[in-house]
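The exercises below ask for a careful reading of side-chain geometry and burial in one chain. Each task is followed by a solution that goes step by step.

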Amino acid sequence: MANSHLTPGVAPGRLQADAYRDNFADKIPPFNAHEAAVAADRCYFCHDAPCVTACPTSIDIPMFIREIQTGTPEAAAKTIFEQNILGGMCARVCPTEQLCEEVCVREVAEGKPVEIGRLQRFATDTLMAAGVHPFTRAAPTGKRVAVVGAGPSGLACAHRLAMRGHDVVLFDARAKPGGLNEYGIAAYKTVNDYAQKEVAWLMQIGGITIETGKSLGRELSLEGLSAQYDAVFLGIGLSGVNALRTEGEEKSHVQDAVDFIAQLRQAGSLANIEVGRDVVVIGGGMTAVDAAVQSKLLGAEHVTMVYRRDRDHMSASEHEQDHAASKGVRIITGAAPVKFIGNGAVKAVEFAYTQETEEGLRLTEETFRLKADQVFKAIGQTLEGTPEGLQLSGRKIAVTGAGRTNLPGIWAGGDCATGGDDLTVTAVAEGRDAAEDIHASLMG
């Protein structure tokens, strides 16, 4: 008998084929040309526009919207790509409601911003669909740069270096380039294998060679790279996952949310992904929301997110929290897990309510239990395998200026480095700026 949302335990195939298709379709449909023109017409084209200041990559937003308004989306795309070569992905996954759109004059005055993210997607999609790459390589410099990590910061760095005429070898530990764009973002945000299409489009610049299945500390060493290349950029991300250190954490069907999301993103068929009937997600960030929402979309009957502090402290935006609630995800705040219950496999999770004190968060004696046949941990990631000699600040690689580490000839950016929010758009900005600094350094 086929499985359904009522099937006990952790099971695949809870939905019909058309339900998977509908559930994992584009979260926000793209504009057509008419819709884009109407949306662009709402822009005031502000002087000293606050939206530009709020964008980590400083895209000239009024300019590209005016170019859409005048019927030249390809020119708009080039304006975007000059600052953010992954502008297509950022249009899909950026928390625009917390960045450019939050400070839009229309939002402040009327409560409805210009739809900057959707307009950015319209422009970038138009140019990419034409198979056009708007940039050409400068004359070869004879310099070779190693970029370790083919995520957003590494891709942005590699592209800008190649554009400046350097030869780049881009290494990545996984089987595919893209980093979190490929492995760590909810499937309904980037449909139709968009991450790989974007990488292929970016590679049209030339001068970049990608080598997958190679990571620092395994096939690569910082010492070896420094000897072979004129400069090295590290965009290695955060590969470690924080542990809860909670009794029973080792039980089966208790797993890291990032692994679940990666598995889902690489699945040939969503019907093959096993999901519980009663799912609990521990955490309050974007990864927690993505795991919770996708569990519900895969056919889980009950999905509950539990976060140890109040909603104001959740790193997931209010928009994403509301999206989770709209899909039927229950959100409980002010509670922390104290025990996983079950004989071999998890059957329930015991939580204690928490209380904010001057000394920090403390557990109260009041507890409750949630039925759970599957638990996802989404409590943050950590830097692992840091090469010896690199100075750390806190739990990340310490950098100054445009990504310079304490070691000569070594730069770093993205989630692995200090200095910015763990956002795709921030990683792109750091990779781009490090590339310019590397170029200036190499050319004297």
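**Exercise 1. Determine how R160 is placed and which partner its side chain meets.**

Solution. Begin with burial: R160 has a relative accessible area of 11% and is therefore buried, where buried means under 20% relative accessible area, exposed means over 50%, and partly exposed covers what lies in between (1.4 Å probe, protein chains only). The model is a predicted one, in which local features need pLDDT of at least 70 and side-chain atom pairs count only at pLDDT 80 or more, while totals for chains, interfaces and linings use all residues. Residues are numbered from 1 along each chain as its sequence is written, and side-chain values use heavy atoms, with hydrogens and water left out.

Next, look for the partner: the side chains of R160 and E436 meet in a salt bridge at 2.7 Å, N to O, a salt bridge being a side-chain nitrogen of Lys or Arg within 4 Å of a carboxyl oxygen of Asp or Glu. Then place both residues: R160 belongs to helix α9 (residues 152–163) and E436 to helix α16 (residues 424–442), so the pair ties together parts that are 276 residues apart in sequence. Helices (H or I, at least four residues) and strands (E, at least two) are DSSP runs, numbered from the N terminus. Finally, E436 has a relative accessible area of 24% and is partly exposed.

**Exercise 2. Analyse the salt bridge between E249 and K377, and state whether each residue is buried or exposed.**

Solution. The closest N and O atoms of E249 and K377 are 2.9 Å apart. In terms of topology, E249 sits in the loop between β6 (240–241) and β7 (254–256), whereas K377 sits in strand β15 (residues 374–377), so that the pair links distant parts of the chain, 128 residues apart. For burial, E249 has a relative accessible area of 13% and is buried, and K377, at 11% relative accessibility, counts as buried too.

**Exercise 3. Find which residues are joined with R121 into one network of salt bridges.**

Solution. Salt bridges that share partners join D26, R92, R121 and D125 into one network. One of its links is the salt bridge of R121 with D125, in which the closest N and O atoms are 3.1 Å apart. These two residues are four apart in helix α8 (residues 116–129), which means that about one helical turn separates them. R121 is buried, with a relative accessible area of 10%. For context, the structure holds 25 salt bridges.

**Exercise 4. Describe the aromatic pairs, starting from the number that a search of the whole structure finds.**

Solution. The search finds five aromatic pairs. Rings of Phe, Tyr and Trp (its six-membered ring) pair if their centres lie within 6.5 Å; planes under 30 degrees apart count as stacked, over 60 as edge-to-face and the rest as tilted. Among the pairs is F81 with W201, which is tilted, at 4.5 Å centre to centre and 40° between the planes. F81 lies in helix α5 (residues 73–83) and W201 in helix α11 (residues 194–202), so this pair ties together parts that are 120 residues apart in sequence. Both F81 and W201 are buried.

Another of the pairs, Y353 with F368, is also tilted, at 4.9 Å centre to centre and 40° between the planes. Here Y353 lies in strand β13 (residues 348–357) and F368 in strand β14 (residues 360–371), so the parts tied together are 15 residues apart in sequence. Y353 counts as partly exposed at 31% relative accessibility, whereas F368 counts as buried at 16%. Ring pairs also link F351 with Y353 and F368 into a cluster.

**Exercise 5. Establish which residues of α5 are buried, and what covers them.**

Solution. The buried residues in α5 are P73, A76, A77, T79, I80 and F81. Their cover includes α4 (61–69), α6 (87–93), α8 and α11.

**Exercise 6. Relate these details to the dimensions of the chain.**

Solution. The chain has 16 helices and 19 strands, and buried residues make up 53% of its 444 residues. A compact globule with 444 residues would have a radius of gyration near 22 Å, and the 23 Å of the chain agrees with that; the radius is taken over C-alpha atoms, and the globule rule is 2.2 Å times the number of residues to the power 0.38. Along its principal axes, the C-alpha trace spans about 65 × 55 × 50 Å.

Definitions and conventions: Contact = heavy atoms within 4.5 Å.
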